[in-house]
Amino acid sequence: MRRGVKHSVMPRRALAEGRDRPPMLENRGGKLRLDMNENLLGCSPKARTALRRLNAETLTMYPEKETAIARLAPWFGVRADEMLVVGGIDEGLRLIADAYIESGRSVVLVEPTFPMYRFHAEQRDAKIRTLRYDREMRFPLREVLRVLSTGPSVFFLANPNNPTGNLLDARTLGTILNAAARTLVVVDEAYFEFSGVTMLPQIRRRRNLAVTRTFSKATGLAGLRVGCIFAHRDVATILKRAQAPFPVGTAALVAAEAALKDRAFVRRAVQTIRQGRATLERGLSRLGVRVFPSAANFVLVDFGERGPAITDALERRGILVRDQGSSFERPGFVRITVGTAKQIRRFLAVLETIL
Ligand SMILES: Cc1ncc(COP(=O)(O)O)c(C=O)c1O
């Protein structure tokens, strides 16, 4: 939406000429939330216990992020100087954009992808080089390698990708990194736990790689806003220079640490979601709906022309899914988060009546 705004003091051009961001849907509590790729199994009880233990002193003190990093880093197999904590990947992306995107320099995106990459690139007045997944949701590797040879500043790549769900293997990512000598490749591993593919072990030998992770998805702490960036310590040093001193609250740090140690919870959640994804894919196919293969906790479907009507009908019955028509420039594409077996049964039953 572009709304007239009067200025007494001129803001940056990207903002003055920009659009308002449509607000995210709210009042979602109590509905079947298949729209935001949250963990529909909940979160680790150990994280909730850690939150209950917060006392007046811990709440009155500013958060101590270096201490938190020192404790978290070994769980990821990295050193403290290779890791940042951020207020969710969303804020991590802002930090990366602040540190690495100079106005007028190029940023590469393969769309449809997570929209915040474009958002941050536009905020920095970057020149955006957009490539696209094809109709079969295949990744345009050859074009990507060609664009990287021109030396753009940043390439944002979600792996697995949202909303297509597809996954590049470590070897392909290696080829991309080898071709990106002058580009920071941000491999966004928000859904890593579901795919098992990671570039994290490579940060120490590549100064053109940043890996992002979040506690919002498999770990189920989206409400706390906490994530991490991992990079070679020279890259991490630059990012730390650009970061405010208290980017993540104490409650988020404490819960993240407790959740990270509760490996059993995440393992169980991932297993449930993987099984659920297969059930959901089968159920959708049985109803004649095209489903794209996914390595994450959601699937992308193509409902065709009836997509928007189906999404509305689901919403009227208390089931939220995410319309992706605008990302694909054609109505019909919808992203559906995988929930528990019971939630999937309810969704498929309601969908069947609508279809
Ligand atoms: C690919 C990708 N990256 C990042 C995020 C946001 O993560 P966070 O909650 O840590 O900001 C999402 C959320 O949907 C996502 O799909």
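This report covers the cores, sheets, backbone exceptions and one pocket of a predicted model.

## Nonpolar cores

The largest nonpolar core holds 61 residues. Those with the most contacts inside it are F156, L280, L284, V301, I336 and F347. Helix 12, residues 263-286, gives the most to this core: 7 residues. Domain 1 (22-42 + 264-354) and domain 2 (45-261) both give residues to the core, so it lies between them.

F347 shows how this packing is built. Leaving aside neighbours within four places in sequence, F347 is in contact with L34, L280, L284, L314, I319, V321 and I336. Of these partners, L280, L284 and I336 are also listed among the residues with the most contacts inside the core. Another core lies apart from this one. That second core has 43 residues, among them A47, V110, L177 and L221.

## Strand 2 and its partner

Is strand 2 buried or exposed on its two faces? Both faces of strand 2 (residues 83-86) are covered. M83 and V85 are buried on one side, and L84 and V86 are buried on the other. In a regular strand, side chains alternate between the two faces of the sheet.

Strand 2 runs antiparallel to strand 8, residues 227-231. The two are joined by 4 bridges. Within this pairing, V85 stands opposite C228 of strand 8.

## The four-stranded sheet

An open sheet is formed by 4 strands in the order 9-10-13-12, with antiparallel pairing. Strand 9 (290-292) and strand 12 (322-323) stand at the edges. Each has a single partner strand, so one side of each is left without a neighbour in the sheet.

Strand 9 pairs with strand 10 (residues 298-302) in the antiparallel sense, over 3 bridges. Here R290 has D302 of strand 10 as its bridge partner.

## Cis peptide bonds

Two cis bonds to proline are described here. The bond from E111 to P112 is cis, with omega near 0°. P112 sits in the loop between strand 3 (106-111) and helix 6 (116-123).

The bond joining N159 and P160 is also cis, with omega about 0°. P160 is found in the loop between strand 5 (154-158) and helix 8 (170-178).

## Positive phi at two asparagines

N27 is not a glycine, yet its phi is positive, at about 55°. The residue lies in the loop between helix 1 (13-16) and strand 1 (32-33). N27 is exposed, with a relative accessible area of 70%.

N37 also has a positive phi, near 55°, and is likewise a residue other than glycine. Its place is in the loop between strand 1 and helix 2 (45-52). Is N37 buried or exposed? At 0% relative accessibility, N37 counts as buried.

## The second largest pocket

About 370 Å³ of space lies in the second largest pocket. Its lining has 16 residues. Nearest the centre are F192, E193, L260, R263 and V266.

Which elements give two or more residues to this lining? They are helix 4 (65-76), helix 9 (192-195), strand 7 (209-214), helix 11 (250-261) and helix 12. Helix 12 gives the most, with 4 residues. Helix 12 thus appears in two settings: it gives the most to the lining of this pocket, and it gives the most to the largest nonpolar core.

Key:
Residues numbered from 1 in each chain as written. Predicted model: local features only at pLDDT ≥ 70, side-chain atom pairs only at ≥ 80, totals over all residues. Heavy atoms only, no water. Buried < 20%, exposed > 50% of the residue type's maximum accessible area, 1.4 Å probe, protein only. Pairing = 2+ DSSP bridges. Core = buried A, V, L, I, M, F, W, Y, C linked by side-chain atoms within 4.5 Å. Domains from an automatic or database assignment. Contact = heavy atoms within 4.5 Å. 1 Å grid on protein atoms, 1.4 Å probe; cavity = no way out; pocket = protein on both sides within 12 Å on 5 of 7 lines; lining within 4 Å. Points joined across faces, edges and corners; volume = space filled by probe spheres on them.
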